[in-house]
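Colleague: I've got the model open and a few things to ask about it. Could you walk me through them?

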Amino acid sequence: MATAVASGESQDVARAAGLPPITTGTRISYGIGAIAAGLKGAVFNTFLIFYYNQVVGIPASVVSIAIALTLVVDAVADPLIGRWSDVTRSRWGRRHPFMYGSVIPVALFFTLAWFPPSGLSNFTLGIWVFVTAALTRTSLSAFEIAGNAMVPELTDDYRERARLFSLRYMFGYVGAYGFSAFALATFFRATPAFPRSGQLNPAAYPPFVFAAAAVMIAVILISAIGTHNRIPLLRQSITVSGGGVMSHLREMVGSFSNRAFLTIFGFGVFKYSAIGLYSGINIFFGTYLWKFGAGQLSILTLAGVAAAVVAWPLAPIAANRFGKRTSAMVFAIVGVAWALTPLTLALNGWFLKPGDPRLLPTLLFVDITYGAMVAISLINTSAMLADVVEDSAVRTGRRDSGTFFAASSFMQQCSTAVGILATGVILTLSNFPAKPAPGTVTDAMVHSLLVHYIPVSMALWTVGALILCFYPITKAKHQENVDILRAREAEAIAREQANLPVGGPMR
């Protein structure tokens, strides 16, 4: 214990003296870890429901309900992981043990989700998807929560946090859209048996899954090892006082009552529900509305990577110029309205028809610009959450970054699952068949998808963005919070050096 306390004191002295700059290598290592979450999100949200419904042939409602029910596990696991991370004391700090420990479970459970035992009924297949998806989510949450919680500890700077999250989101988009595009161009390429839609080929999925698992292992290790050098400069946990479970719960409830956090949480519920819905249903539009093959879908999917590259430098600029809250609200609403324009025009028969050579480049441009706007909104919202840590610490004396980002992770995963559930509902309402024979998906079914999807998506984004009106932390307020906490830390260090009883703030 003495060693841990000494380590904590030296960390505070280092922070008070000024942290050394974050190197480019550390920044890239930190950001690259987001590939794992982006990849898993895209593969689960887009391909998993498509695979079980269109390839295996079980009802979409079974898979979507199974994925949505993982929120029950998330509701328990994510807050516990975040709190556990906040109070962990080790020679590797409080974040890195979770990052290293997630590697094998993430890859194992992700792979198992795609290989159910033979002979299962639709119901037991649903159980298999639920269990393996829940375990995958929980394992990845250990890495993601710990990684995100490091940002308030890596830097106090308002704009630097936006830069870090901008880089992380760019790599997340690379994982989500870059790997999806690569998969569509390679694993799901056309074959004589599946000349147009390689994503319907059952033999394509095993190599696809193994490659995804290997990438997740690699990027998690790169992120953990690449940020390992910052461990001596990250805050250790203080010794947790007695009180047991109820004491932890009271502290968590106290943190979650923060007004700024509640507005971000509210926005996230609607935002990630909309993202889950988009992820689940977009491949159906690509396959049956625009009638694209796997190669064209691969090109279209690359729009996400291009969007992230565009958003990467622009998000910190927008945060600095307009404020994080305003940029998050405006870019969300305008971006989604722009994205829904081709679907709205197609619904009324006013857009380019399938087979038109202008269709793919037009949709590619729309997706890049829409994706960039939404990415700017997401980046600055995450940076806003990092600023909540100091705002809460001023009031409570605790820097509960793991707890806040755990709640955000829980909200994100549960809301995305709700969006996947909504996908199953819309497919069911549209009478979409499971494992359809060629030609059995009618224009009326596709029309019904558009009629249900467009207003639901727009409403979710708009209501969520309006909740951010109540977010109270400006750039000036954040700097005030940082100054207060630095003054407290300086006072605590002075007391320690004078061998007086320590009465400073919790680290």
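Modeller: Sure, starting with a term: a salt bridge is a side-chain nitrogen of Lys or Arg within 4 Å of a carboxyl oxygen of Asp or Glu. Keep in mind that this is a predicted model, where local features need pLDDT of at least 70, side-chain atom pairs count only at pLDDT 80 or more, and totals for chains, interfaces and linings use all residues. Residues are numbered from 1 along each chain as its sequence is written, and side-chain values use heavy atoms, with hydrogens and water left out.

Colleague: How many salt bridges does that rule give?

Modeller: Side chains of opposite charge can pair when their charged atoms come close. Among the pairs here is arginine 358 with aspartate 356, whose closest N and O atoms are 2.9 Å apart. By this rule the count is 3 salt bridges.

Colleague: Is arginine 358 buried or exposed?

Modeller: Buried means under 20% relative accessible area, exposed over 50%, and partly exposed in between (1.4 Å probe, protein chains only). Its partner aspartate 356 has 21%, so aspartate 356 is partly exposed. Arginine 358 has 51% relative accessibility, so it counts as exposed.

Colleague: How far apart in sequence are lysine 324 and aspartate 387?

Modeller: These two form a salt bridge with the closest N and O atoms 2.7 Å apart, and both lysine 324 and aspartate 387 are buried. Helices here are DSSP runs (H or I, at least four residues), numbered from the N terminus. Lysine 324 sits in helix α16 (residues 324-347) and aspartate 387 in helix α17 (residues 359-396), which puts the pair 63 residues apart.

Colleague: Which helices hold glutamate 144 and arginine 168?

Modeller: Their side chains meet in a salt bridge at 3.1 Å, N to O. Glutamate 144 is buried because its relative accessibility is 15%, and arginine 168 is buried because its value is 4%. The pair is 24 residues apart in sequence, so it ties together two parts of the chain: helix α8 (residues 122-149) and helix α10.

Colleague: What does serine 166 touch, leaving aside neighbours within four places in sequence?

Modeller: Serine 166 is in helix α10 (residues 158-185). At 0% relative accessibility, serine 166 counts as buried. Taking contact as heavy atoms within 4.5 Å, and with those neighbours left aside, serine 166 is in contact with Ala311, Trp312, Pro313, Ala315, Pro316 and Ile379.
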